[in-house]
Amino acid sequence: MLILGIETSCDETAVSLVRDGREVLSNVISSQIDIHRATNGVVPEVAARAHVGQIQAVYEEALVVPIEEVDAIAVTAGPGLLTSLIVGTSFASTLSWVHKQPLIPVNHIYGHILSNWLEREDEIEFPVVVLTVSGGHNDLVLLRSETEFEILGETLDDAAGEAYDKVAKMLGLQYPGGPEISRIAPKGNVNAYDFPRPMISSGDFDFSFSGLKSAVRRELTGNFVEEDVAASFQEAANDVLSSKLIVAAQKMSAKEIHLAGGVSANTNLREMISKRCGDVKFRHPSNMTFCTDNAAMIAGAAFYVSKDDWLKPGMAIQPSPDFGDF
Ligand code: KG4
Ligand code: ZN
């Protein structure tokens, strides 16, 4: 089954064609990073206008087969910025109406979770414990199959990606901050600061990163070496993420451990999990472009969305920042 995916939940305009949840025929992403650097963060109205300007061109580039060969149109329906979601869902609804193809609303976080299936041929063994960690979400999820899942824990305040972005901003680094922290951290000393590891031994699978962020802020009053702050912060944040992921995997007798979402691009986090996962198979997205927001993960996940949840051609989607729990 060939599905066209559309993703506009935040600041990436993306369209992709994916066959049977795995084979990526095209994956076009138009990033708005340069636009949002001027304001050091995403202004929703500006993001929405940029999506409007880009979506037709991105769609045309991604459509590498005649549209008649596409079986369904999938689109991120939430969570995300409402004004950004409206651009993608309106575009998808229109395509579905014009070409008489069913419409599949996909939860953005579910898309990130299924990103580990993209461009993989081997079988995934269940149960899987997945940590999906981005700017807007931070969840530990147990998967019993592609469609049966249980949320084990989530962040009580900031997501780890948000903490990366805010610490980078405090250090005067450019937007988005996560890649900047991971770029300079290898030049710093991880032991320069003894930053807290919030909730690392809480006995549950929830997270909290606002205390870590405040601890970093308190250190930035006098003289400091940017690289040392970045290295010590990254070590603390990744220690919490990987520890809780490993404990959850042990408790759930997971056959595989997965990492997904924007922060899965972080090399230090990948290495920490690899060192700690023992004999359990560890996967992160097979390609860097599947870590941060993309439409391949939406088209891939749509393959597993029950046909009962597909919408008839031309039906309008109600995008919502709180689109269900998954
Ligand atoms: O999944 P994503 O593109 O958007 C959301 O769904 O939120 O994730 C974006 C987040 C940002 O917070 C960004 O700073 C972070 O992922 N990120 C990273 C890295 N690359 C992206 N964080 C740490 N290290 C990276 N290499
Ligand atoms: Zn995302």
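The place of proline 127 is the loop that runs between helix 4 and strand 6. In this predicted model, the peptide bond leading into proline 127 from phenylalanine 126 is cis, with omega near 0 degrees. The loop between helix 4 and strand 6 also holds glutamate 119, whose phi is positive, near 60 degrees, even though the residue is not a glycine. Glutamate 119 counts as partly exposed because its relative accessibility is 44%.

A second cis peptide bond joins tyrosine 175 to proline 176, here with omega at about -10 degrees. Proline 176 sits in the loop between helix 5 and helix 6. Those two helices reappear in the description of the ligand site: helix 5 (160-170) and helix 6 (177-184), along with helix 4 (108-114), each supply at least two residues of the shell around ligand 1. Asparagine 40 also has a positive phi without being a glycine, with a value of about 55 degrees. This asparagine is placed in the loop between helix 1 (33-37) and helix 2 (44-62), and a relative accessibility of 30% is why asparagine 40 counts as partly exposed.

Attention now turns to ligand 1. Its surroundings comprise 18 residues, of which Ser134, Gly135, Asp165, Gly178 and Asp293 come nearest. Sorted by class, this shell has four nonpolar, 12 polar and two charged residues. Several polar contacts can be picked out, and each involves an oxygen atom of the ligand. One such oxygen lies 2.7 Å from an N or O atom in the side chain of serine 134, and an oxygen of ligand 1 is found 3.2 Å from an N or O atom of the histidine 108 side chain. On the backbone side, an N or O atom of glycine 262 is 3.1 Å from an oxygen atom of ligand 1. Taken alone, ligand 1 would expose 550 Å², and 88% of that area is buried by the protein.

Serine 134 deserves a closer look. Besides its contact with ligand 1, the side chain of serine 134 reaches the backbone nitrogen of glycine 262 at 3.1 Å. Serine 134 belongs to the loop between strand 6 (128-133) and strand 7 (138-143). Leaving aside residues up to four places away in sequence, serine 134 touches His112, Ala159, Ala160, Gly161, Glu162, Gly261, Gly262 and Val263. With a relative accessibility of 7%, serine 134 falls under the 20% limit and therefore counts as buried.

The zinc ion (ligand 2) completes the picture. Its coordination is provided by His108 through NE2, His112 through NE2 and Asp293 through OD, at 2.0 to 2.1 Å. Along the chain, the donors of the zinc ion follow the spacing H-x3-H-x180-D. Histidine 108 in helix 4 and aspartate 293 in the loop between strand 10 (281-283) and helix 10 (296-302) are 185 residues apart, a pair that links distant parts of the chain. Both histidine 108 and aspartate 293 are buried. The two ligands have residues in common: the zinc donor His108 has a side-chain N or O atom 3.2 Å from an oxygen of ligand 1, while the zinc donor Asp293 is listed among the residues that come nearest to ligand 1. Another zinc donor, His112, is one of the residues touched by serine 134.

Definitions and conventions
Residues are numbered from 1 along each chain as its sequence is written. Chains are lettered from A and ligands numbered from 1 in the order in which they are written. This is a predicted model: local features need pLDDT of at least 70, side-chain atom pairs count only at pLDDT 80 or more; totals for chains, interfaces and linings use all residues. Side-chain values use heavy atoms; hydrogens and water are left out. A residue is near a molecule or strand if one of its heavy atoms lies within 4 Å of it. A polar contact is a pair of N or O atoms within 3.5 Å; within protein, one must be able to donate a hydrogen and the other to accept it, and residues adjacent in sequence count only if both atoms are side-chain atoms. Accessible areas come from the Shrake-Rupley method with a 1.4 Å probe; for residues, only the protein chains shown count as cover. Helices (H or I, at least four residues) and strands (E, at least two) are DSSP runs, numbered from the N terminus. Ala, Val, Leu, Ile, Met, Phe, Trp, Tyr, Cys and Pro count as nonpolar, Asp, Glu, Lys and Arg as charged, and the others, Gly among them, as polar. Donors are N, O and S atoms within 2.8 Å of the metal (3.2 Å for Na, K and Ca); water is not among the atoms, so sites may look incomplete. Buried means under 20% relative accessible area, exposed over 50%, partly exposed in between (1.4 Å probe, protein chains only). Contact means heavy atoms within 4.5 Å.
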